[in-house]
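This report covers a few local features of one chain. Please look at the sequence and the model before reading on.

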Amino acid sequence: MNSADLYRLIESRKSIRKFKKDPVSKEILEKVLSAALHAPSGKNRQNWRFFVVQGKKRDEYLKYSQKSWLGIKDILQKRLKPSLYEFTERFFYTLGDAPVIIFCYSLNDKEERYHTSIGSVYMAVQNLILAAVAEGLGTCPMGAPLEIKNEVDHFLNIKSLKVPEGSEIELLCAVVLGWPDHEPPKAARQAEGRITWISE
Ligand SMILES: Cc1cc2nc3c(=O)[nH]c(=O)nc-3n(C[C@H](O)[C@H](O)[C@H](O)COP(=O)(O)O)c2cc1C
């Protein structure tokens, strides 16, 4: 892959909210997760923790996804035009039939939480998302599960994980993943005010 291919890949990524029901092989999932593990991390703590949910457990999560919708639907009703609001509601009820949900957690120790822990996990998530695009997969990152953080922890039995003394494990987002079944338009990008050049 040359640099032009990489830029094209980055620019072609868009959130996918409708998927084919076809499964994604473990081999491909391992490849995209391995890309996540190559991200930089504060003090090289590699503090990301991923939980890959499929099959019956994925189906079971739909009722939680529906609940997370209740926490954000009023805000979205004001912001989205009716057709997009309906599409988004349906997405939360079905997760667009995505066969895989990856819950992305940070293992925080108290001093590092804001400085590096959270940023490190999001860097890994972006690696995962771009690797998924390279595989022809679609993804949608989701902050909505944070609406029901404690319930998601319980659903994944997070408490049973052994974490070092003084550390805690914190949900940061989920990524739904599968083979795309629609081609949404690219969401417009704005450059204005986003970049400030400073030099003497
Ligand atoms: C941290 C984060 C949280 C997000 N949470 C949600 C979500 O809960 N539900 C959803 O449908 N999309 C979610 N998105 C996707 C954004 O809506 C999407 O990235 C944005 O509209 C730009 O579109 P694009 O990804 O197609 O470029 C999230 C994106 C990010 C980065």
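In which loop is Asp97 found? Asp97 sits in the loop between α4 and β2. The model is predicted, and the values below are computed from it.

Most residues other than glycine have a negative phi. Two residues with a positive phi are set out here.

| Residue | Phi | Loop | C-beta atoms within 10 Å |
|---|---|---|---|
| Lys43 | about 55° | between α2 (26-37) and β1 | 11 neighbours |
| Asp97 | near 65° | between α4 and β2 | 16 others |

Neither residue is a glycine. Lys43 counts as exposed because it has 11 C-beta neighbours inside 10 Å, where 12 or fewer is the cut-off. Asp97, with 16 other C-beta atoms within 10 Å, is partly exposed.

Helix α3 covers residues 55-79, which is 25 residues. From its first C-alpha to its last, α3 reaches 33 Å, close to the 36 Å expected at 1.5 Å a residue. At Ile72, α3 bends by about 55°. Tyr61, Ser65 and Ser68 of α3 are buried. The buried residues of this helix pack against two strands, β1 (48-53) and β2 (100-109), and against the helices α4 (82-94) and α6 (149-155).

Another pair of helices is in contact. The axes of α1 (residues 3-12) and α5 (residues 113-134) come within 10 Å and cross at roughly 105°, so α1 is roughly perpendicular to α5. On the α1 side, the contact is made by Leu9, Ile10 and Ser12, and on the α5 side by Leu130, Val133 and Ala134. Of the residues in this contact, 5 are nonpolar, 1 is polar and none is charged.

Conventions
Residues are numbered from 1 along each chain as its sequence is written. This is a predicted model: local features need pLDDT of at least 70, side-chain atom pairs count only at pLDDT 80 or more; totals for chains, interfaces and linings use all residues. Axes are lines fitted to C-alpha atoms, for helices over the stretch in contact, and angles run from 0 to 180 degrees between N-to-C directions. Helices (H or I, at least four residues) and strands (E, at least two) are DSSP runs, numbered from the N terminus. Angles under 35 degrees count as roughly parallel, over 145 as roughly antiparallel, 65 to 115 as roughly perpendicular and the rest as oblique. Two residues are in contact if their C-beta atoms, placed from the backbone, lie within 7 Å. Ala, Val, Leu, Ile, Met, Phe, Trp, Tyr, Cys and Pro count as nonpolar, Asp, Glu, Lys and Arg as charged, and the others, Gly among them, as polar. The expected span of a helix is 1.5 Å times one less than its number of residues. The bend at a residue is the angle between axes fitted to the seven residues ending there and the seven starting there. A residue is buried if 20 or more other C-beta atoms lie within 10 Å of its own, exposed if 12 or fewer, and partly exposed in between; C-beta atoms are placed from the backbone.
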